[in-house]
Structures are given as structure tokens and as C-alpha cells.
Amino acid sequence: MGELPALPDFPDDAHGDAVVWRNRAMALFDRVPVPGTVCRTDGTILLANTSMAQEWRTSPGRLRGRNVLGLLRPSSEPQLEKLKEALRLGHSSRYPIAVSWPAADGSEERYGELTVDPMSDSAEAPRGLLVLLRVLGERERPSARPAGERDRVSPVDGRLLALAAGGATTEAIARAVGMTADGVNYHFGRLARLWGVPGRTALVARAYAFGVLDANAWPPTVT
């Protein structure tokens with residue numbers, strides 16, 4: 001029998017070996033056909049594979065730093081709260097969360113299941129999350145509701161909208177309400193999807209049209 005072709009040896013030093021395997025693992029993760037990300041425990045994306053980026057017609061690098069809950073809308077708050085509690089207690093079980101999100105072209109709403117696996121270097125405290133998205137299908141997006149049938153917004157939502165209408169940046173809004181910037185973006189993203197608008201400017205305009213904000217007041221105030 002012929003001999004197998006010679007392959008380059010792995011580095012002898014532990015550091016070099018770790019670098020080789022890290023690079024190989026990242027290359028394999030990028031080729032996984034299932035959309036996936038590696039996140040911090042607060043949902044901030046550290047690494048996204050190509051399949052995940054394709055869902056939003058962007059590149060993996062452009063998803064880095066965004067919050068996964070800013071992209072996907074959990075369909076069940078109890079599921080999300082169960083995950084948060086598990087992370088707080090240091091549990092490492094796998095948690096499924098039903099989610100939905102607008103299709104990249106905006107014509108349909110896609111839905112699926114998010115699988116969250118806490119990861120850590122030790123058994124004591126999870127330090128990251130492996131998040132995989134199983135796409136189940138799509139449905140027609142609900143149209144924005146007329147002003148007479150607008151959804152009620154929470155006091156927090158109203159204050160965020162008023163601050164945005166006054167020109168405050170995300171960071172300034174976060175400081176004013178004692179929230180993280182990701183938390184602010186999550187609230188705005190949820191309202192934008194609920195009202196069927198494409199961005200913050202349109203969201204503020206819709207808030208005035210729905211009577212959430214007082215059109216005769218400055219600085220902007222909630223009605």
C-alpha cells in the first residue's frame with residue numbers, strides 16, 4: 001500500500017497548539033449551516049457565523065457588538081425569564097426560546113427556535129452563550145395598527161420615546177433611565193416591530209401620530 005501524504009506537525013508548544021485549534025474551531029463554526037452566534041451572558045454578540053449573517057443580509061463582522069435580543073423577538077417572556085434566572089444561578093442546561101424576526105426584505109415575518117447553551121471555563125459561573133437559531137418558517141407580517149387601536153406602551157417605553165424625540169443619543173437615554181444601551185435598543189426594536197416602522201425616526205413620528213407623545217409640548221412629554 002502507498003503511504004499517506006505527509007502532514008505538517010502540530011506545534012510543540014502548548015500556546016501554538018491552542019492557537020491552531022482555536023483557528024480550526026472558528027473556521028468550522030463559520031461553516032455550520034445553522035445560524036449561530038457566541039454571545040456574552042447579556043446577549044452581546046462576540047462571534048457570528050455566515051449562516052447567521054445571511055439571515056440579515058450582512059456580514060458576520062457587522063453583527064459583532066449587537067445584542068441578539070435586538071435581532072430576535074422572544075415569543076414567550078416566561079421562557080426568557082427562565083433563562084435569565086438559570087444564568088444568575090450558574091446553571092448550564094440547554095434552553096430553547098421561541099422567537100420571531102422580520103425577514104431581510106421586510107415582506108414577511110420569520111419564526112423559529114433559539115437554543116441557548118451556557119458555556120464556561122469552570123463549573124461555577126457561565127461566561128458566555130452559544131446561541132443557535134433553528135428557522136421554522138415565515139408568515140405574513142402584521143400591518144401597523146391605526147391610531148385609534150394603538151397598543152398601550154409602558155411608562156418606560158413612553159419615557160424612552162420622549163427622550164428620543166428630544167434628540168437624546170442612545171447613551172444619553174440609557175443614563176437617564178438607568179438602563180444599558182442594549183436595553184434601550186431592545187425596547188425601541190420591540191416597539192418598531194410592533195408598530196411596523198423601519199427605524200427610530202419613524203418610531204417617534206408614529207408615537208406622535210398615536211398620541212403617545214404630546215404634540216403641543218416641548219420638551220417632548222408623554223400624554
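Begin with helix α5, which contributes six residues to the lining of the second largest pocket, the largest share from any element. The model on display is a predicted one.

**Stop 1: the second largest pocket**

Select α5 as residues 77–89, then extend the selection to the remainder of the lining, which comprises 23 residues. To centre the view, use Thr41, Asp42, Gly43, Leu69 and Lys84, which lie nearest the centre of this pocket. The volume of the second largest pocket is about 470 Å³. Several elements give two or more residues to its lining: α4, α5, α8 and the strands β4 (95–102), β5 (108–119) and β6 (128–140). Colouring the lining by class yields 13 nonpolar, five polar and five charged residues.

**Stop 2: the largest pocket**

Next, select Arg66, Gly70, Gly189, Arg193 and Pro198, the residues nearest the centre of the largest pocket. This pocket has a volume of about 590 Å³, and 21 residues line it. Which element supplies the largest share of that lining? Helix α8 does, with six residues. At least two lining residues come from each of α4 (68–71), α8 (181–195) and α9. By class, the lining of the largest pocket holds 10 nonpolar, six polar and five charged residues.

**Stop 3: helix α8 against helix α7**

Keep α8 selected and add α7, residues 170–177. The axes of the two helices are 8 Å apart and make an angle of about 100°; α7 and α8 are therefore roughly perpendicular to each other. On the α7 side, display Thr170, Ile173 and Ala174; on the α8 side, display Ala181, Val184, Asn185 and Phe188, which complete the contact. The contact of α7 with α8 consists of five nonpolar and two polar residues, with no charged ones.

**Stop 4: helix α8 against helix α9**

Now hide α7 and bring in α9, residues 200–209. Helices α8 and α9 pack with their axes 10 Å apart, at an angle of about 65°, and their crossing is left-handed. Which residues make the contact? From α8, select Asn185, Phe188, Leu191, Ala192 and Trp195; from α9, select Arg200, Leu203, Arg206 and Ala207. These residues divide into six nonpolar, one polar and two charged. Asn185 and Phe188 deserve a label, since they belong to the contact with α7 and also to the contact with α9.

**Stop 5: helix α9 against helix α6**

Retain α9 and add α6, residues 155–165. The two axes come within 10 Å and cross at roughly 115°. Helices α6 and α9 are therefore roughly perpendicular to each other, and the crossing is left-handed. Display Leu161, Ala164 and Ala165 in α6, then Arg200, Leu203, Val204, Ala207 and Tyr208 in α9, to see where the helices meet. By class, this contact of α6 with α9 includes seven nonpolar residues and one charged residue, with no polar ones.

**Last view**

To finish, show Arg200, Leu203 and Ala207 of α9 together with both partner helices. These residues meet α6 and take part in the contact with α8. Helix α8 can then be followed back to the largest pocket, where six lining residues belong to it, and to the second largest pocket, where α8 is among the elements giving two or more residues.

Definitions and conventions: Residues are numbered from 1 along each chain as its sequence is written. This is a predicted model: local features need pLDDT of at least 70, side-chain atom pairs count only at pLDDT 80 or more; totals for chains, interfaces and linings use all residues. Side-chain values use heavy atoms; hydrogens and water are left out. Axes are lines fitted to C-alpha atoms, for helices over the stretch in contact, and angles run from 0 to 180 degrees between N-to-C directions. Helices (H or I, at least four residues) and strands (E, at least two) are DSSP runs, numbered from the N terminus. Angles under 35 degrees count as roughly parallel, over 145 as roughly antiparallel, 65 to 115 as roughly perpendicular and the rest as oblique. A crossing is left-handed if the near helix is turned anticlockwise from the far one by less than a right angle, and right-handed if clockwise. Contact means heavy atoms within 4.5 Å. Ala, Val, Leu, Ile, Met, Phe, Trp, Tyr, Cys and Pro count as nonpolar, Asp, Glu, Lys and Arg as charged, and the others, Gly among them, as polar. On a 1 Å grid over the protein atoms alone, a cavity is a set of points where a 1.4 Å probe fits but cannot get out, and a pocket is an open set with protein on both sides within 12 Å along at least five of seven lines; lining residues have an atom within 4 Å of a point. Grid points are joined across faces, edges and corners, and a volume is the space filled by probe spheres set on the points.
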